[in-house]
Amino acid sequence: MTSPTPAQFRALHGDMGRWQAVDFDIYEHLVENQYAVGPKTPPEPFDQAAARRGPHPPSGFRPA
């Protein structure tokens with residue numbers, strides 16, 4: 001069984017002014033789950049900062 005969306009929950013439970021504390025708790029979890037962030041992607045196997053740099057030093061660089 002899937003959880004209802006927050007909109008479906010509101011439609012089933014009617015006016016929020018008549019809700020009990022448990023209804024607000026359930027609704028809060030539904031809203032949080034709707035916007036939950038998925039797992040992070042694994043880091044890239046190479047250094048992104050180094051990969052963005054070209055083979056030449058920045059302009060204005062003068063070796064000593």
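A search of the whole structure, which is a predicted model, finds four aromatic pairs, where rings of Phe, Tyr and Trp (its six-membered ring) pair if their centres lie within 6.5 Å, with planes under 30 degrees apart counted as stacked, over 60 as edge-to-face and the rest as tilted. In one of these pairs, the ring centres of Phe9 and Tyr27 are 6.2 Å apart and the planes stand at 35 degrees, so the pair is tilted. Because Phe9 belongs to helix H1 and Tyr27 to helix H2, this pair ties together parts that are 18 residues apart in sequence. Phe9 and Tyr27 are both buried, a term that means under 20% relative accessible area, with exposed set at over 50% and partly exposed in between (1.4 Å probe, protein chains only). Phe9 and Tyr27 also belong, together with Trp19 and Phe24, to one aromatic cluster.

Some conventions apply throughout. Residues are numbered from 1 along each chain as its sequence is written, and side-chain values use heavy atoms, with hydrogens and water left out. In this predicted model, local features need pLDDT of at least 70 and side-chain atom pairs count only at pLDDT 80 or more, whereas totals for chains, interfaces and linings use all residues.

The protein has three helices and zero strands, and from the N terminus on its elements run α-α-α; helices (H or I, at least four residues) and strands (E, at least two) are DSSP runs, numbered from the N terminus. The mean pLDDT, which is the predictor's confidence in each residue from 0 to 100, is 78 for the protein, and 56% of its residues reach 70 or more. Confidence is highest in H1, at a mean of 94, and lowest in helix H3 (residues 48-52), at a mean of 56. Where pLDDT is low, the predicted coordinates should not be read in detail. Of the 64 residues, 9% count as buried, and the protein exposes about 6200 Å², of which carbon and sulfur atoms supply 57%; these areas come from the Shrake-Rupley method with a 1.4 Å probe, and for residues only the protein chains shown count as cover.

Helix H2 (residues 21-34) can be checked against its expected span, defined as 1.5 Å times one less than its number of residues: its 14 residues should span 20 Å, and the end C-alpha atoms are 20 Å apart, which agrees. Within H2, Asp23, Tyr27 and Leu30 are buried. Seen down the axis of H2, the buried residues fall within an arc of 60 degrees, so they line one face of the helix, the arc being that of the directions from the helix axis to the C-beta atoms. An α-helix has 3.6 residues a turn, so residues three or four places apart point the same way. The buried residues of H2 pack against H1, while Ala21 and Asn33, on the other side of H2, are exposed.

The following table collects the relative accessible areas of four residues.

| Residue | Location | Relative accessible area | Class |
|---|---|---|---|
| Ser3 | segment before H1 | 57% | exposed |
| Pro4 | segment before H1 | 31% | partly exposed |
| Met16 | loop between H1 and H2 | 36% | partly exposed |
| Tyr27 | helix H2 | 17% | buried |

Contacts, meaning heavy atoms within 4.5 Å, relate these residues to the aromatic cluster. Not counting residues up to four places away in sequence, Tyr27 touches Pro6, Phe9, Arg10, Met16 and Trp19. Met16, in the loop between H1 and H2, is in contact with Phe24 as well as Tyr27, leaving aside its neighbours within four places in sequence. Pro4 touches Phe9 and Leu30, again not counting residues up to four places away in sequence.

Distances between C-alpha atoms add to this picture of the segment before H1. Pro4 and Tyr27 are 9.6 Å apart in space, C-alpha to C-alpha, although 23 residues apart in sequence. For Ser3, which lies in the segment before helix H1 (6-13), the C-alpha atom is separated by 9.7 Å from that of Asn33, 30 residues apart along the chain.
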